[in-house]
Amino acid sequence: MFVGIEGGGTTFVCGHGTGPHDLAGVHTIPTTTPDETLAAVGDWITACLADGIEPSAIGVASFGPLDLDPTSPTHGTITATPKPGWQGTDVPGHLRTRFGLPVAIDTDVNGAAVAEARWGSLRGGGPGVYLTVGTGVGGGVVVAGRPLRGLLHPEMGHLLVRRHPLDDAPGSCPFHGDCVEGLASGTALRARFGRDGVDVSGADLELARTLLGSYLGQVVAIVTLTMAPRRIVLGGGVAAMDGLLDEVRRVAVDLLAGAVPHPRITDGARDYVVRPALGGHAGLIGALALAADARASTSGRDPDTDATTDVVTDATGRHPT
Ligand code: ZN
(Lines give C-alpha, C1' and ligand atoms only; values in the text may rest on other atoms or scores of the structure.)
Protein backbone atom coordinates (compact mmCIF):
# COMPACT_ATOMS: atom_id res chain seq x y z
CA MET A 1 0.00 0.00 0.00
CA PHE A 2 1.33 3.41 -0.99
CA VAL A 3 0.33 7.05 -0.78
CA GLY A 4 0.48 9.03 -4.02
CA ILE A 5 0.42 12.79 -4.36
CA GLU A 6 0.10 14.65 -7.64
CA GLY A 7 1.29 18.19 -7.00
CA GLY A 8 -0.16 20.64 -9.48
CA GLY A 9 -0.14 24.40 -9.80
CA THR A 10 -3.88 24.56 -9.08
CA THR A 11 -4.52 21.50 -6.91
CA PHE A 12 -2.73 18.74 -5.04
CA VAL A 13 -4.50 15.41 -5.55
CA CYS A 14 -3.84 12.61 -3.06
CA GLY A 15 -4.81 8.93 -3.04
CA HIS A 16 -3.71 5.55 -1.80
CA GLY A 17 -3.38 2.08 -3.33
CA THR A 18 -0.91 0.19 -5.50
CA GLY A 19 -2.16 1.06 -9.00
CA PRO A 20 -5.24 1.95 -11.07
CA HIS A 21 -7.19 -1.15 -9.93
CA ASP A 22 -7.21 -0.20 -6.22
CA LEU A 23 -6.69 3.57 -6.21
CA ALA A 24 -8.90 4.91 -3.42
CA GLY A 25 -9.46 7.82 -1.07
CA VAL A 26 -8.84 10.39 -3.81
CA HIS A 27 -8.80 13.82 -2.19
CA THR A 28 -8.17 17.24 -3.75
CA ILE A 29 -6.50 20.14 -1.94
CA PRO A 30 -6.22 23.64 -3.48
CA THR A 31 -2.64 24.76 -4.09
CA THR A 32 -2.13 27.92 -2.01
CA THR A 33 1.06 28.63 -0.06
CA PRO A 34 3.57 25.79 0.44
CA ASP A 35 3.06 25.77 4.24
CA GLU A 36 -0.72 25.66 4.02
CA THR A 37 -0.85 23.14 1.16
CA LEU A 38 1.70 20.72 2.64
CA ALA A 39 0.04 20.93 6.06
CA ALA A 40 -3.27 19.92 4.43
CA VAL A 41 -1.57 17.05 2.56
CA GLY A 42 0.02 15.88 5.81
CA ASP A 43 -3.31 16.09 7.64
CA TRP A 44 -4.91 13.94 4.93
CA ILE A 45 -2.16 11.31 5.34
CA THR A 46 -2.60 11.43 9.13
CA ALA A 47 -6.35 10.81 8.64
CA CYS A 48 -5.53 7.82 6.36
CA LEU A 49 -3.23 6.36 9.04
CA ALA A 50 -6.02 6.79 11.60
CA ASP A 51 -8.32 4.85 9.23
CA GLY A 52 -5.93 1.90 9.24
CA ILE A 53 -4.16 2.61 5.91
CA GLU A 54 -0.54 1.52 6.31
CA PRO A 55 1.58 2.98 3.47
CA SER A 56 5.15 1.72 3.13
CA ALA A 57 6.25 4.66 0.96
CA ILE A 58 5.00 7.96 -0.47
CA GLY A 59 5.34 9.01 -4.11
CA VAL A 60 5.11 12.61 -5.30
CA ALA A 61 4.58 13.53 -8.96
CA SER A 62 4.95 17.29 -8.94
CA PHE A 63 4.96 20.37 -11.08
CA GLY A 64 8.50 21.59 -11.59
CA PRO A 65 11.10 22.27 -12.44
CA LEU A 66 12.59 19.95 -9.81
CA ASP A 67 16.11 19.26 -8.59
CA LEU A 68 16.35 15.49 -9.20
CA ASP A 69 20.15 15.18 -8.87
CA PRO A 70 20.58 12.67 -6.02
CA THR A 71 23.98 14.19 -5.15
CA SER A 72 22.57 17.71 -4.79
CA PRO A 73 22.06 19.16 -1.29
CA THR A 74 18.73 20.52 -2.55
CA HIS A 75 17.58 17.23 -4.13
CA GLY A 76 13.80 17.03 -4.36
CA THR A 77 13.16 20.77 -4.19
CA ILE A 78 11.17 22.82 -6.67
CA THR A 79 13.57 25.15 -8.49
CA ALA A 80 12.84 27.96 -10.97
CA THR A 81 9.04 27.98 -10.81
CA PRO A 82 7.32 31.28 -11.51
CA LYS A 83 4.66 30.19 -8.98
CA PRO A 84 4.94 32.66 -6.08
CA GLY A 85 6.38 31.23 -2.85
CA TRP A 86 7.12 27.73 -4.16
CA GLN A 87 10.72 28.18 -5.29
CA GLY A 88 12.97 26.09 -3.02
CA THR A 89 10.07 24.10 -1.50
CA ASP A 90 11.14 20.62 -0.39
CA VAL A 91 7.93 18.55 -0.66
CA PRO A 92 9.58 15.12 -0.09
CA GLY A 93 11.70 16.48 2.80
CA HIS A 94 8.58 17.84 4.50
CA LEU A 95 6.75 14.49 4.22
CA ARG A 96 9.81 12.44 5.21
CA THR A 97 10.25 14.51 8.36
CA ARG A 98 6.59 14.27 9.31
CA PHE A 99 6.00 10.56 8.58
CA GLY A 100 9.44 8.85 8.53
CA LEU A 101 8.62 6.95 5.32
CA PRO A 102 10.61 6.68 2.07
CA VAL A 103 9.45 9.47 -0.26
CA ALA A 104 10.13 9.47 -4.01
CA ILE A 105 9.64 12.48 -6.26
CA ASP A 106 9.64 13.10 -10.00
CA THR A 107 7.85 15.43 -12.36
CA ASP A 108 4.10 15.02 -12.83
CA VAL A 109 4.64 14.10 -16.48
CA ASN A 110 7.44 11.61 -15.78
CA GLY A 111 5.09 10.05 -13.22
CA ALA A 112 2.28 9.90 -15.77
CA ALA A 113 4.65 8.34 -18.33
CA VAL A 114 5.66 5.63 -15.84
CA ALA A 115 2.00 4.91 -15.00
CA GLU A 116 0.99 4.68 -18.67
CA ALA A 117 3.98 2.37 -19.28
CA ARG A 118 3.04 0.10 -16.40
CA TRP A 119 -0.74 0.00 -16.86
CA GLY A 120 -1.86 2.06 -19.85
CA SER A 121 -1.18 3.26 -23.37
CA LEU A 122 2.64 2.93 -23.21
CA ARG A 123 2.66 -0.74 -22.19
CA GLY A 124 4.76 -3.13 -24.23
CA GLY A 125 8.27 -1.90 -23.48
CA GLY A 126 10.51 0.53 -25.27
CA PRO A 127 10.67 4.27 -24.70
CA GLY A 128 7.40 6.14 -24.39
CA VAL A 129 6.51 9.81 -24.10
CA TYR A 130 3.67 11.44 -22.19
CA LEU A 131 2.82 14.97 -23.35
CA THR A 132 0.30 17.03 -21.44
CA VAL A 133 -1.41 20.24 -22.49
CA GLY A 134 -3.30 21.93 -19.69
CA THR A 135 -2.55 25.18 -17.88
CA GLY A 136 1.02 24.51 -19.02
CA VAL A 137 2.69 22.13 -21.46
CA GLY A 138 5.01 19.34 -20.31
CA GLY A 139 6.50 16.08 -21.44
CA GLY A 140 7.73 13.04 -19.53
CA VAL A 141 9.75 10.12 -20.86
CA VAL A 142 9.81 6.52 -19.69
CA VAL A 143 12.64 4.19 -20.67
CA ALA A 144 12.64 0.53 -19.56
CA GLY A 145 9.85 1.35 -17.13
CA ARG A 146 11.79 4.14 -15.42
CA PRO A 147 11.47 7.92 -15.73
CA LEU A 148 14.19 9.58 -17.79
CA ARG A 149 16.46 11.83 -15.76
CA GLY A 150 19.88 13.18 -16.48
CA LEU A 151 21.44 16.45 -15.52
CA LEU A 152 17.84 17.65 -15.26
CA HIS A 153 14.53 16.13 -16.35
CA PRO A 154 12.87 16.63 -19.75
CA GLU A 155 11.38 20.11 -20.23
CA MET A 156 9.47 19.68 -23.48
CA GLY A 157 7.15 22.60 -22.72
CA HIS A 158 10.03 24.94 -23.50
CA LEU A 159 10.80 23.46 -26.92
CA LEU A 160 11.16 26.23 -29.46
CA VAL A 161 8.80 25.82 -32.40
CA ARG A 162 8.17 27.58 -35.69
CA ARG A 163 5.50 30.21 -35.34
CA HIS A 164 2.32 29.69 -37.39
CA PRO A 165 1.78 32.52 -39.96
CA LEU A 166 -1.71 33.22 -38.53
CA ASP A 167 -0.33 33.68 -35.00
CA ASP A 168 0.63 37.18 -33.87
CA ALA A 169 0.28 36.64 -30.10
CA PRO A 170 3.43 37.46 -28.09
CA GLY A 171 3.41 34.15 -26.19
CA SER A 172 2.94 33.67 -22.46
CA CYS A 173 6.13 31.90 -21.29
CA PRO A 174 7.93 34.11 -18.74
CA PHE A 175 11.28 32.73 -19.95
CA HIS A 176 10.89 32.60 -23.74
CA GLY A 177 7.64 34.16 -24.81
CA ASP A 178 6.90 31.95 -27.80
CA CYS A 179 8.11 28.47 -26.84
CA VAL A 180 5.45 25.73 -27.15
CA GLU A 181 4.12 26.42 -23.64
CA GLY A 182 3.99 30.13 -24.43
CA LEU A 183 1.97 29.46 -27.58
CA ALA A 184 -0.09 26.31 -26.98
CA SER A 185 -0.89 26.12 -23.24
CA GLY A 186 -4.23 26.86 -21.64
CA THR A 187 -2.66 30.08 -20.36
CA ALA A 188 -1.73 31.08 -23.92
CA LEU A 189 -5.25 30.22 -25.16
CA ARG A 190 -6.84 32.32 -22.44
CA ALA A 191 -4.61 35.27 -23.33
CA ARG A 192 -5.48 34.89 -27.03
CA PHE A 193 -9.20 34.00 -26.92
CA GLY A 194 -10.29 34.96 -23.40
CA ARG A 195 -11.47 31.39 -22.77
CA ASP A 196 -10.03 28.09 -21.58
CA GLY A 197 -9.13 25.49 -24.19
CA VAL A 198 -12.19 23.27 -24.12
CA ASP A 199 -14.50 26.33 -23.99
CA VAL A 200 -13.16 27.93 -27.19
CA SER A 201 -15.90 27.74 -29.84
CA GLY A 202 -16.93 28.79 -33.35
CA ALA A 203 -14.31 30.46 -35.55
CA ASP A 204 -12.03 30.72 -32.52
CA LEU A 205 -12.13 26.93 -32.18
CA GLU A 206 -11.03 26.49 -35.79
CA LEU A 207 -8.11 28.89 -35.31
CA ALA A 208 -7.18 27.39 -31.92
CA ARG A 209 -7.16 23.89 -33.41
CA THR A 210 -5.01 25.05 -36.33
CA LEU A 211 -2.48 26.79 -34.06
CA LEU A 212 -2.29 24.11 -31.38
CA GLY A 213 -2.21 21.38 -34.04
CA SER A 214 0.77 23.11 -35.59
CA TYR A 215 2.70 23.55 -32.34
CA LEU A 216 1.92 20.16 -30.84
CA GLY A 217 2.46 18.44 -34.19
CA GLN A 218 5.92 20.01 -34.25
CA VAL A 219 6.56 18.67 -30.74
CA VAL A 220 5.49 15.18 -31.81
CA ALA A 221 7.83 15.38 -34.83
CA ILE A 222 10.76 16.62 -32.69
CA VAL A 223 10.17 13.97 -30.03
CA THR A 224 9.89 11.27 -32.70
CA LEU A 225 13.21 12.31 -34.22
CA THR A 226 15.08 12.64 -30.93
CA MET A 227 13.60 9.94 -28.68
CA ALA A 228 12.39 7.21 -31.07
CA PRO A 229 9.45 6.42 -28.77
CA ARG A 230 7.21 3.46 -29.51
CA ARG A 231 4.16 5.59 -28.75
CA ILE A 232 3.29 9.13 -27.62
CA VAL A 233 0.41 9.87 -25.26
CA LEU A 234 -1.28 13.26 -25.52
CA GLY A 235 -3.06 14.10 -22.25
CA GLY A 236 -4.32 17.12 -20.36
CA GLY A 237 -7.54 19.13 -20.47
CA VAL A 238 -6.65 21.33 -23.46
CA ALA A 239 -5.64 18.28 -25.51
CA ALA A 240 -9.27 17.11 -25.32
CA MET A 241 -10.26 20.02 -27.60
CA ASP A 242 -12.60 18.78 -30.33
CA GLY A 243 -10.62 17.50 -33.33
CA LEU A 244 -7.20 18.46 -31.94
CA LEU A 245 -5.74 14.96 -31.69
CA ASP A 246 -6.37 14.29 -35.39
CA GLU A 247 -4.86 17.66 -36.33
CA VAL A 248 -1.72 16.93 -34.26
CA ARG A 249 -1.36 13.55 -36.00
CA ARG A 250 -1.87 15.13 -39.43
CA VAL A 251 0.72 17.88 -38.84
CA ALA A 252 3.28 15.48 -37.36
CA VAL A 253 2.99 13.00 -40.24
CA ASP A 254 3.20 15.90 -42.71
CA LEU A 255 6.32 17.36 -41.05
CA LEU A 256 8.09 14.00 -40.84
CA ALA A 257 7.43 13.70 -44.58
CA GLY A 258 8.25 10.02 -44.79
CA ALA A 259 11.72 10.47 -43.25
CA VAL A 260 10.73 8.08 -40.45
CA PRO A 261 9.24 5.28 -42.55
CA HIS A 262 7.46 3.22 -39.94
CA PRO A 263 3.86 2.27 -40.80
CA ARG A 264 2.65 3.18 -37.30
CA ILE A 265 3.58 6.76 -38.20
CA THR A 266 3.07 6.95 -41.96
CA ASP A 267 -0.41 5.33 -41.76
CA GLY A 268 -1.82 8.42 -40.05
CA ALA A 269 -0.30 7.92 -36.58
CA ARG A 270 -3.65 6.82 -35.10
CA ASP A 271 -1.90 4.09 -33.11
CA TYR A 272 1.16 6.28 -32.49
CA VAL A 273 -0.24 9.50 -30.96
CA VAL A 274 -2.95 8.35 -28.56
CA ARG A 275 -5.00 9.48 -25.58
CA PRO A 276 -4.02 8.37 -22.05
CA ALA A 277 -5.58 5.07 -20.96
CA LEU A 278 -5.56 6.18 -17.32
CA GLY A 279 -7.50 9.39 -17.98
CA GLY A 280 -6.97 12.31 -15.64
CA HIS A 281 -5.42 10.20 -12.90
CA ALA A 282 -2.24 9.20 -14.78
CA GLY A 283 -0.11 11.55 -12.65
CA LEU A 284 -1.59 10.36 -9.36
CA ILE A 285 -1.22 6.70 -10.34
CA GLY A 286 2.32 7.54 -11.44
CA ALA A 287 2.97 8.83 -7.93
CA LEU A 288 1.94 5.41 -6.60
CA ALA A 289 4.38 3.81 -9.08
CA LEU A 290 7.17 6.13 -7.88
CA ALA A 291 6.39 5.12 -4.29
CA ALA A 292 6.55 1.43 -5.27
CA ASP A 293 9.93 2.04 -6.88
CA ALA A 294 11.18 3.84 -3.75
CA ARG A 295 10.01 0.92 -1.65
CA ALA A 296 11.61 -1.59 -4.03
CA SER A 297 14.93 0.24 -4.02
CA THR A 298 15.08 -0.16 -0.25
CA SER A 299 14.05 -3.83 -0.38
CA GLY A 300 15.76 -5.07 -3.57
CA ARG A 301 12.43 -6.02 -5.20
CA ASP A 302 11.47 -5.25 -8.78
CA PRO A 303 8.03 -3.55 -8.78
CA ASP A 304 7.39 -4.54 -12.42
CA THR A 305 7.49 -8.24 -11.66
CA ASP A 306 7.37 -8.15 -7.87
CA ALA A 307 10.28 -10.58 -8.08
CA THR A 308 13.35 -10.16 -5.95
CA THR A 309 16.15 -8.80 -8.09
CA ASP A 310 19.86 -9.07 -7.62
CA VAL A 311 21.42 -5.87 -6.38
CA VAL A 312 24.70 -5.47 -8.24
CA THR A 313 27.64 -4.58 -6.08
CA ASP A 314 31.38 -4.47 -6.76
CA ALA A 315 34.00 -6.40 -4.75
CA THR A 316 33.86 -3.86 -1.94
CA GLY A 317 30.12 -4.32 -1.59
CA ARG A 318 29.33 -0.83 -2.92
CA HIS A 319 26.98 -0.13 -5.76
CA PRO A 320 28.99 0.60 -8.91
CA THR A 321 28.68 4.24 -9.99
ZN1 ZN B 1 9.41 28.66 -22.35
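User: Is the crossing of α5 with α6 left-handed or right-handed, and how do you know?

Analyst: Right-handed: that is how α5 passes α6. The term applies when the near helix is turned clockwise from the far one by less than a right angle, while an anticlockwise turn makes a crossing left-handed. Bear in mind that this is a predicted model: local features need pLDDT of at least 70, side-chain atom pairs need 80 or more, and totals for chains, interfaces and linings use all residues. Numbering starts from 1 along each chain as its sequence is written, and side-chain values use heavy atoms, with hydrogens and water left out.

User: Why are α5 and α6 called oblique to each other?

Analyst: Helix α5 (residues 186–193) packs on α6 at about 140°, with the axes 12 Å apart. Those axes are lines fitted to C-alpha atoms, for helices over the stretch in contact, and the angles run from 0 to 180 degrees between N-to-C directions. Under 35 degrees is roughly parallel, over 145 roughly antiparallel, 65 to 115 roughly perpendicular, and the rest is oblique. An angle of about 140° falls in that last group, so α5 and α6 are oblique. The helices themselves are DSSP runs (H or I, at least four residues; strands are E, at least two), numbered from the N terminus.

User: Which residues make the contact, and what kinds are they?

Analyst: L189, R192 and F193 of α5 meet D204, L207, A208, L211 and L212 of α6. By class, the contact of α5 with α6 has 6 nonpolar, no polar and 2 charged residues. Here Ala, Val, Leu, Ile, Met, Phe, Trp, Tyr, Cys and Pro are nonpolar, Asp, Glu, Lys and Arg are charged, and the others, Gly among them, are polar. "Contact" means heavy atoms within 4.5 Å.

User: What makes α6 and α7 an oblique pair?

Analyst: The axes of α6 (residues 202–227) and α7 (residues 244–256) come within 7 Å and cross at roughly 50°. That value fits none of the other three angle classes, so α6 and α7 are oblique to each other. Their crossing is right-handed. The α6 side includes R209, L212, L216 and V220, and the α7 side includes L244, E247, V251 and L255. By class, the contact of α6 with α7 has 11 nonpolar, 6 polar and 2 charged residues.

User: How do you know whether H164 is buried or exposed?

Analyst: Buried is under 20% relative accessible area, exposed is over 50%, and partly exposed is in between (1.4 Å probe, protein chains only). H164 has 17%, so it counts as buried. H164 lies in the loop between β8 (146–147) and α4 (180–184). Leaving aside neighbours within four places in sequence, H164 touches T210, L211, S214 and Y215.

User: And why is S172 called partly exposed?

Analyst: S172 has 29% relative accessibility, so it sits in the middle class. S172 is also in the loop between β8 and α4. Beyond four places in sequence, its contacts include G177, E181 and S185. S172 and S185 are 8.5 Å apart, C-alpha to C-alpha.

User: What makes T71 count as exposed?

Analyst: Its 66% relative accessibility is over the cut-off, so T71 is exposed. T71 is in the loop between β4 and α2 (91–99).

User: How do you know that the length of α9 agrees with what a helix should span?

Analyst: The expected span is 1.5 Å times one less than the number of residues. For the 18 residues of α9 (residues 282–299) that gives 26 Å, and the end C-alpha atoms are 25 Å apart, so the two agree. α9 is also mostly covered, with 14 of its 18 residues buried.

User: Does α3 agree or disagree with its expected span, and what covers its buried residues?

Analyst: The 12 residues of α3 (residues 108–119) should span 16 Å, and the end C-alpha atoms are 16 Å apart, so α3 agrees. In α3, 10 of the 12 residues are buried. Their cover includes β4, β5, β6, β7, β8 and α9.

User: Why is G59 called buried?

Analyst: G59 has 0% relative accessibility, so it is buried. G59 lies in strand β4 (residues 58–62), and its contacts beyond four places in sequence include I5, A104 and L290.
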